[in-house]
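Biologist: Could we go through this model together? I would like to begin with single residues and then turn to the ligand.

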Amino acid sequence: MTNKEITKKLYEEMMEKAIEVSKNAYCPYSKFAVGACILTDTGNIYTGCNYENGSFGMTICAERNAVGTAIANGEKKVKAVAIYSPNKDNCAPCGACREVLHEFSINDEELDVILKDKDKIVVHKLSYLLPESFNL
Ligand code: THU
């Protein structure tokens, strides 16, 4: 298999995990489930789903949940993230999650954001989704 084929297979597997974890979303208010699966520079993967709160602002997105789990496991460099919602094709991360992914990317040109458009996998660089990101 070529490197390109290996990456495609890995990204499809990550999307399957994002689909699976979206089933655990706690979203009684929006009814909008989201699942995310991230790949770190060590080759490990971590998943997360959104969980809402009656105090709406306390809601945590799937992507930030997955990143938090990676951090708790001692990982700080995200290489790629697959995102899925059964409610929406091409469910791209919200602005807040783009900034959080930027914080933990090696660089935005390398971080792949993997989305699902019907049966097709679509990959964007984070720099495309978040130009002029905030940096301290
Ligand atoms: N949501 C995510 O999990 N990720 C995003 O990038 C955007 C939005 C969740 C938050 C909330 O539970 C629901 O989707 C509707 O906004």
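Biologist: Where does Phe32 lie?

Modeller: In this predicted model, Phe32 lies in the loop between H1 and S1.

Biologist: And is Phe32 buried, exposed or partly exposed?

Modeller: Phe32 counts as partly exposed, because its relative accessibility is 28%, and the partly exposed class runs between the 20% and 50% limits.

Biologist: How far is Phe32 from Pro86, C-alpha to C-alpha?

Modeller: The two C-alpha atoms are separated by 7.9 Å, while Phe32 and Pro86 are 54 residues apart along the chain.

Biologist: What about Ala33, where is its place?

Modeller: Ala33 is in the loop between helix H1, residues 3-22, and strand S1, residues 35-40. Ala33 counts as buried because its relative accessibility is 11%, and buried means under 20%. From Ala33 to Tyr84 the C-alpha distance is 8.4 Å, with their positions 51 residues apart in sequence.

Biologist: Let us move to the ligand. Which residues are around it?

Modeller: The residues around the ligand are Ser30, Phe32, Val34, Asn50, Glu52, Thr59, Cys61, Ala62, Glu63, Pro93 and Cys94. By class, this shell divides into 6 nonpolar, 3 polar and 2 charged residues.

Biologist: Where does the ligand sit?

Modeller: The ligand sits in the largest pocket.

Biologist: What lies 2.5 Å from an oxygen atom of the ligand?

Modeller: That is an N or O atom in the side chain of Glu52. On the backbone side, an N or O atom of Ala62 is 2.9 Å from a ligand oxygen atom, and a backbone N or O atom of Cys94 is 2.8 Å from an oxygen atom of the ligand.

Biologist: How much of the ligand's accessible area does the protein cover?

Modeller: The protein covers 80% of the 380 Å² of accessible area that the ligand has on its own.

Biologist: Back to the loops. Where is Phe56 placed?

Modeller: Phe56 is in the loop between strand S2, residues 45-49, and helix H2, residues 62-72. Its C-alpha atom is 9.8 Å from that of Ser30, and Phe56 and Ser30 are 26 residues apart in sequence. Ser30 is one of the residues around the ligand.

Biologist: Why does Phe56 count as exposed?

Modeller: Phe56 is exposed because its relative accessible area is 58%, and exposed means over 50%.

Biologist: Now the backbone angles. Which sign does phi of Asn90 have?

Modeller: Phi of Asn90 is positive, near 50°, in a residue other than glycine. Asn90 lies in the loop between strand S3, residues 78-84, and helix H3, residues 95-103. With a relative accessibility of 25%, Asn90 counts as partly exposed.

Biologist: What is phi of Glu132?

Modeller: Glu132 has a positive phi of about 55°, although Glu132 is not a glycine. Glu132 is found in the segment after helix H4, residues 126-129. At a relative accessible area of 80%, Glu132 is exposed.

Biologist: One last residue, His102. Which helix is it in, and is it buried or exposed?

Modeller: His102 is in helix H3. His102 counts as buried because its relative accessibility is 13%, and the limit for buried is under 20%. The C-alpha atoms of His102 and Lys77 are 9.9 Å apart in space, and the two residues are 25 residues apart in sequence.

How values were computed. Residues numbered from 1 in each chain as written. Predicted model: local features only at pLDDT ≥ 70, side-chain atom pairs only at ≥ 80, totals over all residues. Heavy atoms only, no water. Near = heavy atom within 4 Å. Polar contact = N/O pair within 3.5 Å; in protein donor to acceptor, adjacent residues only side chain to side chain. Areas by Shrake-Rupley, 256 points an atom, 1.4 Å probe, with all protein chains shown as cover. 1 Å grid on protein atoms, 1.4 Å probe; cavity = no way out; pocket = protein on both sides within 12 Å on 5 of 7 lines; lining within 4 Å. Sits in = over half its atoms within 2 Å of the grid points. Nonpolar A, V, L, I, M, F, W, Y, C, P; charged D, E, K, R; others polar. Helix = DSSP H or I, 4+ residues; strand = E, 2+ residues; numbered from the N terminus. Buried < 20%, exposed > 50% of the residue type's maximum accessible area, 1.4 Å probe, protein only.
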